[in-house]
Amino acid sequence: MTTAQRITFLKGHGTENDFVIVPDPDGRLDLSAAAVARICDRRAGVGGDGVLRVVRSAAHPEARALAGEAEWFMDYRNGDGSIAEMCGNGVRVFARYLLHAGLAEAGDIAIATRAGIRRVHVAKTGDVTVSMGRAELPAEGVEVTLDGRSWPARNVNMGNPHAVAFVEDLAHAGDLLSVPPFSPAAVYPDGVNIEFVADRGPRHVAMRVHERGSGETRSCGTGACAVAVATARRDGVDPSETGTPVTYTVDVLGGSLSITELPDGTVEMTGPAVIVAEGTFEPDWLSASAA
């Protein structure tokens, strides 16, 4: 990638899951995996858990079919440059950016992602609520093993794959610098986000997460949704059977998220989304980062 002009970026976070936002409405930038990884480098780059490229759906080959429903496509990349289907905290920050930039008005916004359309309600200030779609609960699970301890992990898909393990103490998760070992590996051929969960009170849990492609992060929105659904089933609660929504508070390292599962299976996530800074990349540095 080469560019002769400065490229604008912004920095934002949702419960301290932080992102570099790159506006590219006409889809002209070709951000390589190497460029994304360098942008996300916390010492040599801007620093972030991932990159949110803001592209009009009509200008992106993966989203053109969704352009009639959602003007904007969230091209999300993990911190290592790999492509991800969805990011719950990221879509809240993405929506907050659209308001910040005057590209959308407060209220209901449809955003295209690789996991489909996500409908977001965003006020001028305060929290953002995202309709995250329905959780899938594949029958296959895995066993996660760390430091001589093993736990069964519930398989939950929120547009991206999760393995949810319930532990007595979150310290049992170790440092989460590398992928926690799990088996059988064939259950998640493309990798998995692994959540470790401990109870904090009635319908209140805390979690730590290793996100594939990023390592341990301060928060994971899709992970919090997966955790809430897995916890509800562990507790014997299924809104599709009771006809009553169920809400869990999920504490993450960067704050708390409120997760509600509705009787139709839809999962809603509510939490903060903040834009904190704006700047420009040096053209030579950005070009060199893609080499």
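Here a biologist asks and a modeller answers about a predicted model.

Biologist: How many salt bridges does the structure hold?

Modeller: Side chains of opposite charge can pair when their charged atoms come close. In this predicted model, the number of such salt bridges is 21.

Biologist: Which residue forms a salt bridge with Arg 28, and how far apart are the closest N and O atoms?

Modeller: Arg 28 is exposed, because its relative accessibility is 71% and the cut-off is over 50%. Its partner has a relative accessible area of 44%, so that residue is partly exposed. The partner is Asp 26, and the closest N and O atoms are 3.9 Å apart.

Biologist: Asp 26 also meets Arg 56 in a salt bridge. How many residues apart in sequence are the parts that this pair ties together?

Modeller: The N to O distance between Arg 56 and Asp 26 is 3.9 Å. Arg 56 lies in strand β3, residues 50-56, while Asp 26 sits in the loop between β2 (17-23) and α1 (33-40). The pair therefore ties together parts whose separation in sequence is 30 residues.

Biologist: Is Arg 56 buried, partly exposed or exposed?

Modeller: Its relative accessibility is 32%. Buried needs under 20%, and exposed needs over 50%. Arg 56 therefore counts as partly exposed.

Biologist: Where does Glu 71 lie, given that it meets Arg 56 in a salt bridge?

Modeller: The Arg 56 and Glu 71 side chains meet at 3.4 Å, N to O. Arg 56 belongs to strand β3, so the pair ties together parts 15 residues apart in sequence. Glu 71 is partly exposed, with a relative accessible area of 43%. Its place is the loop between β3 and β4 (72-78).

Biologist: Which residues do salt bridges with shared partners join into one network?

Modeller: Shared partners link these salt bridges together. The network consists of Asp 24, Arg 53, Glu 62, Asp 75, Arg 77 and Arg 114.

Biologist: Is Tyr 76 buried or exposed?

Modeller: Tyr 76 is found in strand β4. Its C-alpha atom is 4.9 Å from that of Leu 52, although the two residues are 24 apart along the chain. Leaving aside neighbours within four places in sequence, its contacts include Phe 19, Val 51, Ile 83 and Arg 114. Its relative accessibility is 2%, which is under the 20% cut-off, so Tyr 76 is buried.

Biologist: What is the relative accessible area of Thr 266?

Modeller: Thr 266 is found in strand β17, residues 266-271. Neighbours within four places in sequence aside, it is in contact with Ser 131, Gly 133, Arg 134, Thr 260 and Glu 261. Thr 266 counts as buried, because its relative accessible area is 11%.

Biologist: Which helix gives the largest share of the largest nonpolar core?

Modeller: In soluble globular proteins, nonpolar side chains tend to be buried together. Here the largest nonpolar core has 52 residues, and Met 74, Leu 98, Ile 111, Met 207 and Ile 259 touch the most other members. The largest share of this core is eight residues, and it comes from helix α3 (residues 221-234).

Biologist: How many residues are in the second, separate core?

Modeller: Val 142, Leu 176, Tyr 188 and Phe 196 are among its members. The size of this core is 18 residues.

Biologist: What is the volume of the largest cavity?

Modeller: A search of the whole structure finds two cavities of 30 Å³ or more. The lining of the largest cavity includes Tyr 76, Met 86, Glu 211 and Thr 222. By class, that lining has five nonpolar, four polar and three charged residues. The volume of this cavity is about 80 Å³.

Biologist: Which elements each supply at least two residues of the lining of the second largest cavity?

Modeller: This cavity holds about 30 Å³ of space. Ala 228, Val 246 and Ile 259 are among the residues that line it. The lining divides into six nonpolar, one polar and one charged. The elements that each supply at least two lining residues are α3, β15 (246-252) and β16 (255-261).

Methods. Residues are numbered from 1 along each chain as its sequence is written. This is a predicted model: local features need pLDDT of at least 70, side-chain atom pairs count only at pLDDT 80 or more; totals for chains, interfaces and linings use all residues. Side-chain values use heavy atoms; hydrogens and water are left out. A salt bridge is a side-chain nitrogen of Lys or Arg within 4 Å of a carboxyl oxygen of Asp or Glu. Buried means under 20% relative accessible area, exposed over 50%, partly exposed in between (1.4 Å probe, protein chains only). Helices (H or I, at least four residues) and strands (E, at least two) are DSSP runs, numbered from the N terminus. Contact means heavy atoms within 4.5 Å. A nonpolar core is a set of buried Ala, Val, Leu, Ile, Met, Phe, Trp, Tyr and Cys residues joined through side-chain atoms within 4.5 Å. On a 1 Å grid over the protein atoms alone, a cavity is a set of points where a 1.4 Å probe fits but cannot get out, and a pocket is an open set with protein on both sides within 12 Å along at least five of seven lines; lining residues have an atom within 4 Å of a point. Grid points are joined across faces, edges and corners, and a volume is the space filled by probe spheres set on the points. Ala, Val, Leu, Ile, Met, Phe, Trp, Tyr, Cys and Pro count as nonpolar, Asp, Glu, Lys and Arg as charged, and the others, Gly among them, as polar.
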